[in-house]
Amino acid sequence: GGNFLIAAAIESMAEAAALAENHGVDREQFIGLMSSTIFDCLIYRGYGQRVAARDHFPYPDAHFALDLGKKDVGLVHDAASQAGCPMPVASVLLERFMAAQNAG
């Protein structure tokens, strides 16, 4: 569940930054504001900085590598399906991970 929540946070930050940017707000300032006020926590500060800078490059010491993230979100998605528990965010994340893998 934890990695699912991290992936959901990253996706929501990226979407919110894109919306802010499309309305003329600097994405780095937006993420900086969010991660220093109502979302002042490790995940939003750390990943938020990378989202704001569009830093999508894999790092050798990444703790949330694409393949592992997809595996974890897939496990959550499968468990939810087996339990008959709708998890639309998990479905979106799984599609995003697959698209990223297909893009190389």
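In which crossing, left-handed or right-handed, does H1 pass H2? In this predicted model, the crossing of H1 past H2 is right-handed, and the legends below take up this helix pair and three residues.

**View 1. Packing of helix H1 against helix H2 in the predicted model.** Helix H1 spans residues 2-22 and helix H2 spans residues 27-36, and the two pack at an angle of about 130° with their axes 9 Å apart. H1 and H2 are therefore oblique to each other, and H1 passes H2 in a right-handed crossing. On the H1 side the contact is made by Met13, Ala16, Ala17, Ala18, Ala20 and Glu21, which meet Arg27, Phe30 and Ile31 of H2. The residues of this contact of H1 with H2 comprise seven that are nonpolar, two that are charged and none that is polar.

**View 2. Surroundings of Arg27 in helix H2.** Arg27 has a relative accessible area of 9% and, because buried means under 20%, it counts as buried. The side chain of Arg27 is joined to that of Glu21 by a polar contact of 3.0 Å, and both residues also belong to the contact between H1 and H2. With residues up to four places away in sequence left out of the count, Arg27 touches Ala17, Ala18, Glu21, Val51, Ala52 and Arg54.

**View 3. Surroundings of Ser35 in helix H2.** Ser35 has a relative accessibility of 11% and so counts as buried. A polar atom of the Ser35 side chain lies 3.5 Å from the backbone oxygen of Gly32. When residues up to four places away in sequence are not counted, Ser35 touches Asp40, Cys41, Tyr44 and Arg45. One of these, Arg45, is ten residues from Ser35 in sequence, while the C-alpha atoms of Ser35 and Arg45 are 5.2 Å apart in space.

**View 4. Arg54 in the loop between helix H3 and helix H4.** The loop that holds Arg54 lies between H3, residues 42-52, and H4, residues 66-83. Phi of Arg54 is near 55°, which is a positive value in a residue other than glycine. Arg54 has a relative accessible area of 44% and is partly exposed, whereas Arg27, which touches Arg54, is buried at 9%.

Technical notes
Residues numbered from 1 in each chain as written. Predicted model: local features only at pLDDT ≥ 70, side-chain atom pairs only at ≥ 80, totals over all residues. Heavy atoms only, no water. Axes fitted to C-alpha atoms, helices over the stretch in contact; angles between N-to-C directions. Helix = DSSP H or I, 4+ residues; strand = E, 2+ residues; numbered from the N terminus. Parallel < 35°, antiparallel > 145°, perpendicular 65-115°, else oblique. Left-handed = near helix turned anticlockwise from the far one by under 90°. Contact = heavy atoms within 4.5 Å. Nonpolar A, V, L, I, M, F, W, Y, C, P; charged D, E, K, R; others polar. Buried < 20%, exposed > 50% of the residue type's maximum accessible area, 1.4 Å probe, protein only. Polar contact = N/O pair within 3.5 Å; in protein donor to acceptor, adjacent residues only side chain to side chain.
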